[in-house]
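The exercises below are to be worked with the sequence and the coordinates at hand. Each task is followed by a solution in steps.

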Amino acid sequence: MSDPPAARPRPLSERWLALRNRLVASPRFQRWAAGFPLTRRIAQANTRTLFDLCAGFVYAQVLTACIRFDLFAILAEGPMTIEALAVRLGLPPEKARTLLLAARSLDLIRALPDGRFALADLGAAVTGNPGIAAMVEHHALLYADLADPVALLQGRAERTRLSSYWPYAEGGAVAPGEAAPYGALMGTSQAMIAQDIIEACDLRGIRHWMDVGGGEGAFLEAAAPHLPGRRLTLFDLPAVAERAGARLGRVGLGDRIDCVGGNFHAGLPEGADAISLVRVLHDHDDAPVRALLRAAYAALAPGGRLVIAEPMAGTPGAEPVGDAYFGFYLLAMGSGRPRTADELSRLAREAGFAALKERKTRRPLLARVLVAHKTSR
């Protein structure tokens, strides 16, 4: 009987990593590093980061409380004392103080030298962006679905709240009543990034722009002033397209934007020379994404362009947004996954697109833009 093959020695880099991990895991080393001048700052930063990871849910709930009490809108009127704020918030002074100090510690508000509180930059940003408050409220569903992340990962969780909220994730038809909640959320949150996307695109030569999965039309509403005299089409599920037509009519764009209902599995309306997919692909698994990209290629006029815009995995400086936040959000939703720009480019090439190029956006954390072209032949 032959002897088993000898195990290959681990590379030096792996042995060094194992030694380093053993050191960092040692309470004795942690105490030493926290006191040694050359490592003190790193040790303290790591301790703070680890604590923030443990306490992240509490921080999110502080923000939720601020929004539900309308604290930022109240402080937008001007600085106020704790006593005055307690009256406006309908809270006992000691409870108001707890909320205000928590919000101050998260840089949502600031304390003035005279003891009053005022808006800080983060709180002011919320007041000017209703999509942020809408997403914070929406997260109550996500937090409930993540109450047992192990069960979610193992596939033991019951039907999630997010899969019910986004009914198209399960592949079925969407009734008008089901489209209303998510359509409104899409609209308010999409308005945050629409101008960034339009600004990143070269609009020269476009005669007909079709937004696929356009929801209630927030993106095309923002795009319309930049595309004067051009034909604009919104394509979405019938119940969603019907709501989009009604909403766009109310804002005076009913004659400019044609809302078409359908299902991309049966094909897309043909003839547009620009098709956009704004935060659409990451909601779907690979097979539907491939089908949608093929449908977009078939529908585009020769020489037309495809615009893919969404938050992407691996975005420098925003890695947790793609892989942690959207990774678990889409897991709870039951459909889709975050993809890198390279993965999306590969899928687009498989569908026939060429000359792919990324266009820089002002806030890549919220949306990056890839533009692909259909050959003119």
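The exercises treat a predicted model and go from the whole chain to single residues and residue pairs.

**Exercise 1. Overall description**

Task: State the secondary structure content, the extent and the surface of the chain.

Solution. Step 1: the chain contains 16 helices and nine strands. Step 2: its C-alpha trace spans about 85 × 70 × 40 Å along the principal axes. Step 3: of the 377 residues, 43% count as buried. Step 4: the accessible surface comes to about 20400 Å², and 58% of this area belongs to carbon and sulfur atoms. Step 5: among contacts between residues at least 6 apart in sequence, 67% join residues at least 24 apart.

**Exercise 2. The arrangement of α1 and α2**

Task: Determine how the axes of α1 and α2 are oriented, and identify the residues that make the contact.

Solution. Step 1: two packed helices are described by the angle and the distance between their axes. Step 2: the axes of α1 and helix α2 (residues 27-35) come within 5 Å and cross at roughly 80 degrees. Step 3: angles of 65 to 115 degrees count as roughly perpendicular, and α1 and α2 are therefore roughly perpendicular to each other. Step 4: α1 contributes L23, V24 and A25 to the contact, while α2 contributes P27, F29 and Q30. Step 5: L23, which belongs to helix α1 (residues 12-25), is also part of a nonpolar surface patch of about 370 Å² together with W16, L19 and V24. L23 counts as partly exposed because its relative accessibility is 37%.

**Exercise 3. Positive phi outside glycine**

Task: Locate D70 and A355, and classify their exposure.

Solution. Step 1: D70 has a phi near 60 degrees, a positive value in a residue other than glycine. Its place is the loop between α3 (40-68) and α4 (71-75). Step 2: with 44% relative accessibility, D70 counts as partly exposed. Step 3: A355, likewise not a glycine, has a positive phi of about 55 degrees and lies in strand β8 (residues 354-359). Step 4: exposed means over 50% relative accessible area; A355 has 58% and is therefore exposed.

**Exercise 4. Salt bridges across the sequence**

Task: For the pairs R68 with E137 and R207 with D273, give the N to O distance and the elements that are linked.

Solution. Step 1: side chains of opposite charge can pair when their charged atoms come close. Step 2: in the pair of R68 and E137, the closest N and O atoms are 3.1 Å apart. The pair links helix α3, which holds R68, to helix α8 (residues 130-145), which holds E137, across 69 residues. Step 3: R68 is exposed at 55%, whereas E137 is partly exposed at 32%. Step 4: R207 and D273 meet in a salt bridge of 3.6 Å. R207 lies in the loop between α11 (176-200) and β3 (208-212), and D273 in the loop between β5 (257-261) and β6 (274-278), so the pair ties together parts 66 residues apart in sequence. Step 5: R207 is exposed at 59%, while D273 is buried at 8%.

**Exercise 5. A salt bridge within one helix**

Task: Where do R346 and E350 lie, and what is their spacing?

Solution. Step 1: R346 and E350 both belong to helix α16 (residues 341-350), four residues apart, about one turn of the helix. Step 2: their side chains form a salt bridge of 3.1 Å, N to O. Step 3: R346, at 37%, is partly exposed, and E350, at 47%, is partly exposed.

Key
Residues are numbered from 1 along each chain as its sequence is written. Side-chain values use heavy atoms; hydrogens and water are left out. Patches are made of residues with over 30% relative accessible area and no salt bridge: like charges are joined within 9 Å, nonpolar side chains (Val, Leu, Ile, Met, Phe, Trp, Tyr) within 5 Å. Accessible areas come from the Shrake-Rupley method with a 1.4 Å probe; for residues, only the protein chains shown count as cover. A salt bridge is a side-chain nitrogen of Lys or Arg within 4 Å of a carboxyl oxygen of Asp or Glu. Helices (H or I, at least four residues) and strands (E, at least two) are DSSP runs, numbered from the N terminus. Buried means under 20% relative accessible area, exposed over 50%, partly exposed in between (1.4 Å probe, protein chains only). Axes are lines fitted to C-alpha atoms, for helices over the stretch in contact, and angles run from 0 to 180 degrees between N-to-C directions. Angles under 35 degrees count as roughly parallel, over 145 as roughly antiparallel, 65 to 115 as roughly perpendicular and the rest as oblique. Contact means heavy atoms within 4.5 Å.
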